[in-house]
Amino acid sequence: MMQQQQHHHHHHHNHQHNSQIEGSSNPPHPSNSVSSVARSLLPTRRRLKLDPASKLYFPYEPGKQVRSAIRIKNTSKSHVAFKFQTTAPKSCFMRPPGAILAPGESIIATVFKFVELPENNEKPMEQKSKVKFKIMSLKVKGVMDYVPELFDEQKDQVAIEQILGVIFLDPERPSPALEKLKRQLADADAAVEARKKPPEDAGPRIIGEGLVIDEWVSCQVLCFPNFPCEIP
């Protein structure tokens, strides 16, 4: 019960409780009389475990396109589709922008971002990025091909898993976050190479190497940090 209460009160900051919440056997179920709009605003059980949990780390290299990585694991008992959105679709894209994960399955997604040159006399590492990313999830019925339209067809079942901010790392200064990022990017690259080989019908089902990522306009920065916010 305590886990559920924590989840009710701190669902937007409780990524550290993800595994505990997923492990609880009696998730709260809203009554059938609750409208779909209200239901989508209620705290939901997390379906995905993210690593890093709430930030995307990028090497700070102004004027270049750099990469971040995030491991996404389905911790639920059902197949789950996930989808990324960003406030800056012109300068960021995702590989893959979405996929379907079997129970217990994980994938490392790579995020590409163009780093702007510092403005005026701004010290490079102090430059704050206002770009936000959102990961949404949707329970699906078994194995199927991922298509973004799944999220439009079942809007009332979509959960906002996490809003991710951006943190810049100095590529010249060794740090645990930088080392972890390098490891995850190497793993992601190896997985992409493996997918190019003849498939043995394993791994997340992704259509092509889709690089398009949805623009997420309706929420933008207005909702931060008080999300979840309802997307019409």
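Here is a short tour of a predicted model, from its four-stranded sheet to its aromatic pairs. Residues are numbered from 1 along each chain as its sequence is written. Local features need pLDDT of at least 70 and side-chain atom pairs 80 or more, while totals for chains, interfaces and linings use all residues; side-chain values use heavy atoms, leaving out hydrogens and water.

**The sheet.** Start with the open sheet of four strands, ordered 1-3-7-5 with antiparallel pairing. Strands are DSSP E runs of at least two residues, helices H or I runs of at least four, both numbered from the N terminus; two strands pair if DSSP finds at least two bridges between them. Select strand 1 (48–51) and strand 5 (92–95): each has a single partner strand, so one side of each is left without a neighbour in the sheet. Next, show strand 7 (residues 106–114), joined to strand 5 by four bridges; F93 has F112 as its bridge partner there.

**The second strand pair.** Move to strand 4 (residues 79–86) and strand 6, which pair antiparallel over four bridges. Here A81 is partnered by I100. In strand 6 (residues 98–101), G98 and I100 point one way, A99 and L101 the other, and all are buried (under 20% relative accessible area, 1.4 Å probe, protein chains only).

**The aromatics.** The whole structure holds three aromatic pairs (Phe, Tyr or Trp six-membered ring centres within 6.5 Å). Select Y60 and F168: their ring centres are 5.0 Å apart and their planes at 70°, so the pair is edge-to-face (over 60 degrees). Both are buried. Finish at F82 and F84, also edge-to-face, at 5.9 Å and 90°; both of these are buried.

Key. Phe/Tyr/Trp six-rings, centres within 6.5 Å; stacked < 30°, edge-to-face > 60°. Buried < 20%, exposed > 50% of the residue type's maximum accessible area, 1.4 Å probe, protein only.
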